[in-house]
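Let's take a walk through this protein, going from the whole chain down to single residues. Keep the viewer open as you read.

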Amino acid sequence: MTVTSSKKVFIRTFGCQMNEYDSDKMADVLEAADGYTKTDNVEEADLILLNTCSVREKASEKMFSDLGRLREFKDGQGAKPGVLIGVGGCVASQEGEALVKRAPYVDLVFGPQTLHRLPAMIARRVQSAQPQVDISFPENEKFDDMPPARVDGPTAFVSIMEGCSKYCSFCVVPYTRGEEISRPFADVMTEIRDLAARGVKEVTLLGQNVNAYVGKMMDPDSGEQLEADFALLLTAVHSIPQIERIRYTTSHPLEFTQRLIDCYARLPKLVSQLHLPVQAGSDTVLAAMKRGYTVIEYKSIIRRLREKRGDISLSSDFIVGFPGETEADFNRTMKLIDELKFDGAFSFIYSRRPGTPAASLHDDTPHAVKLKRLQQMQKVLEAQSTAVSESMVGSVQRVLVEGFSRKDGNELMARTDNNRVVNFPAGPDLIGQFVNVRITQAMHFTLRGEIAISVPDAKAA
């Protein structure tokens, strides 16, 4: 039962899609339990939450900078009596009690796995007048205690697993989100069927290593408990009639099985777009990163994928300037980029994260050299992405209309199979529908199009 209240919550999200998903869940939990409504105006908020990311140094620095400015709402000229400030996510999980010592005006510190406990933490904070810290890792409790997801359009995110057990030498995720935990198969399917019944046509399955999913399921004939891998889950989601498009992120090369690759041959609803982080094109660097695969193994995955789905669009992650990376190592990465032709990428200079094995590695490469390498890489990656966009001009794309264009309220915004945003003039009655659009222009970040009248062979790029 929803509580009627005028209380407002402001949530600022840092980082990835997983954090965006968690922020939406925070809003859902708070609305269901205490009647909070979201606001984009921090000055009118009764509760201010920062949902943090600690994958890169700058993200956590930005959070502490924002947190410092929020102190004004506690004891500055703009102080608002009774306002509460909370920090969630990976930085909160990493810092714990130390965060309150550094910023004593923080009322709540909670990890990614305890956001569902926010209402109880708020109640204890009000009763005790003491900061509340909960950064534990309860298995599946987070999912079990969540209210039904809100549906705001034809697309939805569905978290199917949490955490990471890979322990790459540069990454803090296993320490901040815990080991890999998969949701039960039936729970995931129930949520997706519910979303489909409420008008969702596209789902994005989420996880730190989404293809590591191993969900428990019951054999309908024997009653025996079995394990469902990611390929089986995709097949089951594909069987839901109302779901017309399936995406997932982020995958890991180690769990990219042949069963998953075969899905691209037999599941047409599975988009022809894949984000598969490689991080580097040098076996020496990959070994130092403890990624668990070689360049040849990564290339083998892509080769087999393209045999099943020749038009698949590939994006990836790259770390430049990892400790010990030589010019020859970097050139090997550039060679890989040239060979595989990525359609997009997130690329960053290595960010040292305290507590990770790589933090103690010797690093004598000047920052100026790392920056030059990054700029060289990004120039090539951007050219590859631009070439894909330009190749789509003149083609007819089946797109899902998500809403109005951000820049022009008289136009609609839709997304192609390969995850390109297309803006085009049309009426609002098309929102939530799949339509065929002819691409007329490739912009820097988006495409422009027009409704296609004749569409006998519309096909995603």
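What follows goes from the overall build to one sheet, the cores, a hairpin and a few backbone oddities.

First, a word of caution: this is a predicted model. The protein has 15 helices and 21 strands. Measure off the C-alpha trace along its principal axes and you get a span of about 65 × 60 × 55 Å. How does the radius of gyration fit with a compact globule? For 461 residues, such a globule would come out near 23 Å, and the protein has 23 Å, so the two agree. Buried residues account for 53% of the 461. Take the contacts between residues at least 6 apart in sequence, and 71% of them join residues at least 24 apart. On the outside, about 20,700 Å² is exposed, with carbon and sulfur atoms supplying 52% of that area.

Now zoom in on a small sheet. Three strands make it up, in the order S7-S10-S13, and the sheet is open, with parallel pairing. S7 (155–159) and S13 (245–249) sit at the edges with a single partner strand each, so one side of each has no neighbour in the sheet. From one strand to the next, the twist averages 25 degrees. To see the pairing up close, look at S10 (residues 202–206), which is parallel to S13 and joined to it over 5 bridges. One pair to click on is Thr-204 with its bridge partner in S13, Arg-247. Lying across S7, S10 and S13 is helix H1 (residues 17–34), which runs at about 95 degrees to S7.

Next, the greasy parts. The largest nonpolar core has 71 residues, and those touching the most other members are Ile-160, Leu-205, Phe-230, Leu-233, Leu-234, Tyr-248 and Phe-256. Pick Leu-233 and leave out its neighbours within four places in sequence: what is it in contact with? The list runs to Ile-160, Phe-185, Val-188, Met-189, Leu-205 and Tyr-213. Apart from this core lies another, of 23 residues, including Phe-14, Leu-67, Ile-85 and Val-106.

Move along to the later part of the chain, where strand S21 (residues 447–451) pairs with S19 (residues 421–425) in the parallel sense through 2 bridges. Asn-423 has Arg-448 in S21 as its bridge partner. With S20 (residues 434–442), S21 runs antiparallel, and 5 bridges join them. Here Ile-439 stands opposite Gly-449 of S21. S20 and S21 make a hairpin, with 4 residues between them.

Finally, some backbone details worth a look. Which peptide bond is cis, with omega near -5 degrees? That's the one from Thr-249 to Thr-250. Thr-250 falls in the loop between S13 and helix H11 (258–266), and S13 is the edge strand we met earlier.

Two residues have a positive phi without being glycine. Lys-341 has a phi of about 55 degrees and sits in the loop between helix H14 (327–340) and strand S16 (344–349). Its relative accessible area is 48%, so Lys-341 counts as partly exposed. Asn-419 has a phi of about 75 degrees, and its place is the loop between strand S18 (411–415) and S19. Asn-419 is partly exposed too, because its relative accessibility is 33%.

Methods:
Residues numbered from 1 in each chain as written. Predicted model: local features only at pLDDT ≥ 70, side-chain atom pairs only at ≥ 80, totals over all residues. Heavy atoms only, no water. Pairing = 2+ DSSP bridges. Axes fitted to C-alpha atoms, helices over the stretch in contact; angles between N-to-C directions. Contact = heavy atoms within 4.5 Å. Rg over C-alpha atoms; globule rule 2.2 N^0.38 Å. Buried < 20%, exposed > 50% of the residue type's maximum accessible area, 1.4 Å probe, protein only. Areas by Shrake-Rupley, 256 points an atom, 1.4 Å probe, with all protein chains shown as cover. Core = buried A, V, L, I, M, F, W, Y, C linked by side-chain atoms within 4.5 Å.
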